[in-house]
Structure formats: C-alpha cells, structure tokens
Amino acid sequence: MSDEITIGLVSISDRASDGTYQDQGIPALREWLDRALTSPWRAEMRLIPDERPTIERTLIELADAAGCALILTTGGTGPAPRDVTPEATLAVGEKEMPGFGEEMRRISLNFVPTAILSRQVAVIRGKSLIVNLPGQPKSIRETLEGLRAADGSVSHVGIFAAIPYCIDLIGGPYVETDDEVIKAFRPKQAIRPKKA
C-alpha cells in the first residue's frame with residue numbers, strides 16, 4: 001500500500017562542499033532512512049556551500065522540479081555569520097511549521113545546553129515538507145528517532161513520527177515506517193490497512 005517517496009537530502013557546508021573534509025550529513029541521513037522506512041524511497045542528494053542564494057535555488061529545484069515530498073537539510077543552523085539555512089528555508093516556504101524546530105531543540109537539550117543556539121525551522125512549499133536538521137550525525141538520529149530509556153523503550157518521540165502524516169496532508173505519497181525505529185503516527189481514519 002506504500003507509495004515511493006522521493007526525498008531530498010541536502011548537506012550545507014562550505015568545507016565539505018569544497019572537499020576540505022568528507023561530508024557526514026548525507027551518509028547519516030541515508031543510513032537512518034534505510035533503517036526507518038519500510039516504504040520504497042529514492043534520494044536526490046545535494047552537497048552545497050553556506051550561500052543563501054544557492055540554498056534557496058536548491059530547495060526550490062528539489063521541491064518544484066525533482067518532486068521531493070520531503071527535503072531534509074543538515075548544517076548551517078547555528079548563530080555563526082555563515083549559518084543561513086533557516087533564512088533560506090523561510091524565504092522559499094509558503095507555510096512555517098514551527099513545531100518541528102521547537103521539538104528538535106527540546107530533544108537536543110537533553111544532551112547539551114547549547115541546543116538553544118540551534119535555529120532549525122521547517123516549512124511547506126507546495127507538496128514538499130522541508131525540515132532543517134542539526135549538522136552532527138548523532139544529533140540527526142536523535143532528533144528524527146527520539147530518545148530511548150536504558151531498556152530500549154522510547155522516552156521521547158522523535159520528529160519523524162509526525163512527518164508521514166504531514167506528507168499525507170499536503171498531498172504527498174503514503175509513507176510507512178519500521179515501528180522498531182520510529183512509529184509513524186496517524187489518526188485512525190488516515191491509516192491504510194497493511195498488506196497481508
């Protein structure tokens with residue numbers, strides 16, 4: 001019953017894009033999505049510098065031309081002068097989704113007090129949900145998946161639990177997840193029966 005989803009993966013880093021060091025954002029996103037999604041998916045990957053016009057053009061191209069129902073960015077969300085990912089994201093969005101940024105900061109505050117310096121945002125553009133994620137692979141996983149207690153039970157649900165239903169609401173494909181990684185939440189009337 002699942003539909004294929006195209007997901008834009010955008011790593012925003014001056015040094016990774018110029019080859020100074022190897023990008024860790026896109027591999028971390030791919031690894032997590034491979035574990036989390038049971039629906040078929042394909043990636044549109046972009047590694048770009050911290051340049052606002054480039055970020056805006058990339059997000060527009062992925063949403064409008066490449067048909068990405070979900071675009072996940074990593075990097076460029078701090079307070080440093082070159083960190084302009086949130087500004088670029090807000091500039092191309094039609095609706096802001098403030099709950100995503102609020103929840104990511106709340107999750108990260110369990111680990112570091114500097115999480116309040118993060119400025120991640122999320123927006124809707126057409127039939128695309130664009131979400132800014134942190135830059136570190138560990139933080140990417142924690143914000144998407146949530147926090148687990150010592151016994152492995154979920155103590156704080158990650159933001160990805162809400163993403164499949166958000167994609168439903170904006171006219172995107174029906175996406176299913178592996179409940180062991182992250183259980184997607186939908187109201188009962190929005191859940192499709194699983195294939196036998």
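Which residues does T143 touch, not counting residues up to four places away in sequence? The model is predicted, and T143 makes a good starting point. Its partners are M104, I107, S108, L133, P134, G158 and I159. T143 itself sits in helix α6. Its relative accessibility is 0%, so T143 counts as buried, given that the cut-off for buried is under 20%.

From here, turn to the pockets. Rolling a probe the size of a water molecule over the atoms shows where empty space is left. The largest pocket has a volume of about 680 Å³. Its lining holds 31 residues, and the closest to the pocket centre are G75, G76, P134, G135 and Q136. P134 is also one of the contacts of T143.

Which elements each supply at least two residues of this lining? They are β1 (5-12), α1 (14-17), α5 (98-108) and α6 (137-145). The largest share comes from α5, with three residues. By residue class, the lining of the largest pocket divides into 16 polar, nine nonpolar and six charged.

The second largest pocket has a volume of about 250 Å³. Its lining is made up of Y174, V175, E176, T177, D179, K183, A184, F185, R186, I191, R192 and K194. How do these residues divide by class? Six are charged, five are nonpolar and one is polar.

Note on methods: Residues are numbered from 1 along each chain as its sequence is written. This is a predicted model: local features need pLDDT of at least 70, side-chain atom pairs count only at pLDDT 80 or more; totals for chains, interfaces and linings use all residues. Side-chain values use heavy atoms; hydrogens and water are left out. On a 1 Å grid over the protein atoms alone, a cavity is a set of points where a 1.4 Å probe fits but cannot get out, and a pocket is an open set with protein on both sides within 12 Å along at least five of seven lines; lining residues have an atom within 4 Å of a point. Grid points are joined across faces, edges and corners, and a volume is the space filled by probe spheres set on the points. Helices (H or I, at least four residues) and strands (E, at least two) are DSSP runs, numbered from the N terminus. Ala, Val, Leu, Ile, Met, Phe, Trp, Tyr, Cys and Pro count as nonpolar, Asp, Glu, Lys and Arg as charged, and the others, Gly among them, as polar. Buried means under 20% relative accessible area, exposed over 50%, partly exposed in between (1.4 Å probe, protein chains only). Contact means heavy atoms within 4.5 Å.
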